[in-house]
Structures are given as structure tokens and as C-alpha cells.
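The exercises below are meant to be worked through with the sequence and the coordinates at hand. Each one sets a task, and a worked solution follows it step by step.

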Amino acid sequence: MWAVSRRRVASSSVLGQSFRNARPTRCYSSSNEGYAMTLVSRKGSSQVSGIVGSLGFPVGSKPLRDAISFVQRYPLIFAHTRSFSSDTGELVDAVVPFMGESITDGTLSNFLKHPGDRVEVDEPIAQIETDKVTIDVSSPEAGVIEQLVAKVGDTVEPGTKIAVISKSGGVTHVAPSEEKSSKAASELSPAKTKKVETEKPKEETPPSKEKPKAPSLPPSKPSAKEPQLPPKERERRVPMTRLRKRVATRLKDSQNTFAMLTTFNEVDMTSLMKLRSDYKDAFLEKHGVKLGLMSGFVKAAVSALQNQPIVNAVIDGDDIIYRDYVDISVAVGTPKGLVVPVIRNADRMNFAEIEKGINTLAKKANDGSLSIDEMAGGSFTISNGGVYGSLLSTPIINPPQSAILGMHSIVSRPMVVGGEVVPRPMMYIALTYDHRLIDGREAVYFLRRIKDVVEDPRRLLLDV
């Protein structure tokens with residue numbers, strides 16, 4: 001019928017040209033009489049160039065006055081249109097960013113924004129917890145959170161959509177058909193409710209008579225040897241974080257790979273503590289950072305690694321790789337797990353630079369803002385368990401390194417100095433090393449060098 005109407009209207013001198021420049025829009029009416037069809041010009045004009053009425057005959061085949069009278073008798077049905085934000089680019093997706101070459105996925109730990117919240121460009125809206133660091137998912141555009149696609153606890157990969165952001169402010173347009181359907185549903189709901197109320201409950205069938213069972217024997221009391229476990233209500237099950245699982249895997253791999261051996265020594269902290277006490281105010285005034293004991297041990301470890309290069313080396317297959325640089329990894333405990341940021345080129349740094357580097361990395365570790373680059377690499381690790389009160393421990397090697405130095409708490413103990421027993425602030429130090437690569441002699445010489453430098457820091461100046 002559409003083809004016939006087109007030919008007939010095209011023959012009309014009044015409507016023919018407009019008909020060829022028009023595109024049809026079909027609008028169904030709510031009545032059963034038929035449908036109306038409006039033709040809108042491609043050039044954007046509002047002229048109606050052809051009408052097919054509910055009686056089924058094309059207007060173009062009649063004189064113009066008949067068409068006008070037909071329109072007055074049968075009013076047109078207007079088409080309602082609405083624009084979707086996806087068509088105009090008003091909705092943007094927030095996706096998981098690239099997380100590093102060695103990280104393929106992560107766990108969505110929490111949302112910083114919720115539906116209806118206003119966000120700005122590059123403002124974090126969620127956090128992804130990976131095996132090493134916590135990564136923020138930033139908003140690509142300014143707008144309002146329209147919808148959260150992912151859920152907390154989901155495993156996501158780079159490029160996964162987690163939220164939809166509306167740049168126009170999150171205004172939702174409802175089509176007239178949707179409004180009608182919602183009204184119809186609201187009108188039908190009371191009827192359905194009444195129908196449910198009028199339904200009579202089914203009559204309960206009388207219970208069938210069962211034969212009396214034979215009396216069962218009382219359960220035997222548990223023997224005294226069986227353990228009495230606490231009730232399950234007093235236990236809590238919490239899933240491990242990805243960082244904790246990664247740390248557990250690496251430590252177990254370290255035990256399965258290395259032939260670990262630990263040797264110990266003790267250090268008199270009198271000279272280093274006196275050095276800090278004498279110059280802490282001047283050091284803080286000049287460098288803007290406090291002078292701690294950690295920088296002294298880092299400098300001592302650098303000196304010991306330079307004297308014993310095998311401790312700074314690593315096994316790679318059938319080869320030994322000697323490193324001509326010293327990158328010291330410092331173990332930092334956080335609520336989410338243990339992280340080991342790296343101080344690059346520690347052999348070229350002075351006390352002030354080391355203290356600034358340690359403070360910066362410690363703050364980032366506690367904030368969860370460490371990057372992958374700040375934890376990659378490292379040739380030797382120092383772990384200071386003394387800040388928690390540890391007196392003695394055997395640290396585990398941080399793969400793929402070959403050794404780790406463990407520091408412990410400072411305790412005043414009686415020591416023999418110059419033939420007299422005097423109290424001294426003493427610290428136990430431990431070196432765990434890979435015995436496949438490092439022999440006991442090199443390990444003992446390494447600890448002896450640290451002991452000598454800490455007990456007499458002047459050796460660093462004289463290089464003796």
C-alpha cells in the first residue's frame with residue numbers, strides 16, 4: 001500500500017515534490033480503526049506532504065480540499081521522540097586502568113563514590129587491590145555517577161567497566177510508552193491484590209497416621225579422648241586480601257627454592273645513638289627530616305655489600321649475576337600486608353637523602369599509594385622488627401634476592417667493656433642467606449662489617 005500511495009502522491013502537482021523529499025514516521029494510535037502516517041521533510045520543514053488515514057485510502061489521490069476536510073475529521077496522532085544519552089555521548093564508562101606488566105587482574109575492594117554522587121575529571125571513584133599495590137579507578141569525565149556496574153569483591157581486568165557516568169547530571173528521560181506501562185501496572189496491582197485476598201487457603205490435609213517407631217537408643221556420650229571444639233558462632237571467616245595471598249605465596253616459594261641459613265651477631269648501639277643525639281637538631285634544621293637509626297644501618301649495609309659482593313649477587317640458572325649497584329629494599333608492615341619498597345642507588349646517597357627516601361616510601365605504603373616501579377627490583381632487603389619489640393628472629397629471603405638483614409629491638413644489657421661490666425644498649429642482628437650461593441664465611445664477614453660500622457661510624461668517613 002505504501003508503494004501505491006507514493007505513486008499516487010507523486011502524481012499530485014501540489015504534494016509530489018514534498019513527498020519525494022520526505023521520510024516516513026509511523027505512529028500507531030490507541031484505537032483499532034487503523035494508523036496514521038506523517039511524512040516529515042528531509043530538509044527539516046514542518047509541512048505535511050502526505051497522510052494515510054485510518055480508513056485506509058491515500059490523501060494524495062484526492063483533491064487538496066478533500067485532504068484538508070479529512071484531516072479536520074480525523075485528527076493526526078503526534079509522534080513523541082526522546083533522545084538517549086548514549087546517542088549524544090552523555091554517558092561515559094569508567095573502566096579499570098592498566099595495572100602493570102606483571103599484574104593481569106585485581107579485586108574491586110571498595111567504591112569511593114556511589115550513584116548520584118558528583119565526580120570531577122580524574123577523581124578516584126573506586127579502588128582495585130592487586131597482588132602488589134592498590135590502584136585507583138579515576139573518572140574520565142566530570143558528571144554524576146549514573147550506575148555501578150561491578151560489585152565489591154569482583155575480580156576485574158584492565159578495561160573492565162565498573163561504573164557509568166552521566167555528563168548531563170544524571171537526568172533520566174521516560175518515554176510516554178513507559179509512563180503508560182507504569183500506570184497500567186499501578187492500576188492492575190490493586191486488582192491483583194484483591195484477587196489474592198479473595199482466594200481461599202487450601203484446606204490442610206490431615207496428617208496420615210504413622211506406625212509407632214521402635215524406641216531408639218540414646219546417643220552414646222562422647223568419649224573423653226574426643227576434642228570439644230568451640231561452637232561455630234564464635235568464629236569469623238574473613239577472605240584474605242590479594243596482597244596477603246601474594247605475600248604468602250612468595251614466602252612459601254622462598255622456602256621451597258632457597259637453601260636458607262641464618263647467622264647472628266650483636267651490635268653495641270652506643271656510638272650511633274650518641275651521634276644521633278648530638279646532631280639531631282642541626283640535622284633537622286638543615287635537611288628538614290629527622291635523623292634516625294635506619295639510615296645508619298643502610299649505610300652500613302651498603303659498605304658490607306661492597307666488601308662482600310657475593311651477598312649482592314643472585315643465581316640465574318647455571319650462572320651468577322653480580323650487581324654493580326646497590327638497591328636496598330626496606331620492609332614496611334601495613335594493615336593490608338607486608339610491602340617492600342626500594343631505595344634506588346643507595347650507594348650514592350648520604351644520610352639525609354636516605355632518611356627522606358625512607359619517610360616518603362613509608363607514608364606511601366601506609367596510604368596504599370605505592371606504585372609498581374617503587375617496589376620492583378631491589379638487590380638486598382632490610383627488615384626492622386625492632387620497631388614492634390622483636391628481640392630475635394630469622395627473616396625469610398625476599399625473592400629473587402639472596403640475603404636479608406633483620407634488625408631487632410635495642411635492649412640494655414650488661415657487657416664487659418675495658419675489664420668492667422657496664423650496661424650497654426645492645427641489638428641482635430640476623431642475616432638469612434641462600435647457602436647455595438653464599439658460604440658461612442662471607443655471611444659472618446658481612447655481619448662483622450655492619451657491626452664495625454655501626455659501633456664506629458667514623459669508619460664510613462675514612463673508608464676503613
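**Exercise 1. Characterise the salt bridge between arginine 344 and aspartate 327.**

Solution. Begin with the geometry: in this predicted model, the side chains of arginine 344 and aspartate 327 meet in a salt bridge with an N to O distance of 3.7 Å, which falls inside the criterion because the nitrogen must lie within 4 Å of a carboxyl oxygen. Next, place the two partners along the chain: arginine 344 sits in the loop between strand 18 (342–343) and helix 9 (351–367), whereas aspartate 327 sits in the loop between strand 14 (319–321) and strand 15 (328–330), and the pair, 17 residues apart, links distant parts of the chain. Finally, compare the surroundings of each partner: arginine 344 has a relative accessible area of 34% and is partly exposed, while aspartate 327, at 7%, counts as buried.

**Exercise 2. Place two further salt bridges, glutamate 123 with lysine 113 and arginine 413 with glutamate 266, in the chain.**

Solution. A search of the whole structure finds 12 salt bridges. Take the pair of glutamate 123 and lysine 113, whose side chains meet at 3.0 Å, N to O. Glutamate 123 lies in the loop between strand 6 and strand 7 (124–129) and lysine 113 in the loop between strand 5 (106–111) and strand 6, so this salt bridge ties together parts that are 10 residues apart in sequence. The relative accessibility of glutamate 123 is 22%, so this residue counts as partly exposed; for lysine 113 the value is 19%, and the residue counts as buried, because the cut-off for buried is under 20%.

Turn then to arginine 413 and glutamate 266, whose side chains meet in a salt bridge at 3.1 Å, N to O. Since arginine 413 belongs to strand 20 and glutamate 266 to strand 12 (residues 260–268), the pair ties together parts that are 147 residues apart in sequence. Arginine 413 is buried, with a relative accessible area of 17%, and glutamate 266 is partly exposed, with 25%.

**Exercise 3. Describe the spatial neighbourhood of aspartate 136.**

Solution. First locate the residue: aspartate 136 is found in strand 8 (residues 134–138), and at 35% relative accessibility it counts as partly exposed. Then set aside its neighbours within four places in sequence; the contacts of aspartate 136 that remain are Pro97, Pro124, Ala126 and Gln127. As a last step, consider glutamate 123, which is 13 residues from aspartate 136 along the chain: the C-alpha atoms of these two residues are separated by 9.0 Å.

**Exercise 4. Trace the pairing of strand 20 with strand 19 and with strand 21.**

Solution. Start on the parallel side, where 4 bridges join strand 19 (residues 380–384) to strand 20 (residues 403–417), and where serine 383 has glycine 406 of strand 20 as its bridge partner. Continue with the antiparallel side, where 13 bridges join strand 20 to strand 21 (residues 420–434); here leucine 405 is matched with leucine 431 in strand 21. Strands 20 and 21 form a hairpin with 2 residues between them, and glycine 418 in the turn has a positive phi of about 65°.

The loop between strand 19 and strand 20 holds leucine 391, which is partly exposed at 44% relative accessibility. Together with Phe264 and Leu392, Leu391 makes a nonpolar surface patch of about 270 Å².

**Exercise 5. Which strands stand at the edges of the open sheet with the order 4-11-9-6?**

Solution. Read the order first: 4 strands form this open sheet, with antiparallel pairing. Strand 4 (91–95) and strand 6 (118–119) stand at the edges, each with a single partner strand, so one side of each is left without a neighbour in the sheet. For strand 4, that partner can be followed in detail: 5 bridges join strand 4 to strand 11 (residues 161–166), running antiparallel, and valine 95 stands opposite lysine 161.

**Exercise 6. Is helix 8 mostly covered or mostly uncovered?**

Solution. Check the extent first: helix 8 (residues 294–307) has 14 residues and reaches 20 Å from its first C-alpha to its last, close to the 20 Å expected. Then count the buried positions: 12 of the 14 residues are buried, so helix 8 is mostly covered by the criterion of under 20% relative accessible area. Among them are Met294, Phe297, Lys299 and Leu305. For context, 34% of the 464 residues of the protein chain count as buried.

Note on methods: Residues are numbered from 1 along each chain as its sequence is written. This is a predicted model: local features need pLDDT of at least 70, side-chain atom pairs count only at pLDDT 80 or more; totals for chains, interfaces and linings use all residues. Side-chain values use heavy atoms; hydrogens and water are left out. Two strands pair if DSSP finds at least two bridges between them. The expected span of a helix is 1.5 Å times one less than its number of residues. Buried means under 20% relative accessible area, exposed over 50%, partly exposed in between (1.4 Å probe, protein chains only). Contact means heavy atoms within 4.5 Å. Patches are made of residues with over 30% relative accessible area and no salt bridge: like charges are joined within 9 Å, nonpolar side chains (Val, Leu, Ile, Met, Phe, Trp, Tyr) within 5 Å. Accessible areas come from the Shrake-Rupley method with a 1.4 Å probe; for residues, only the protein chains shown count as cover.
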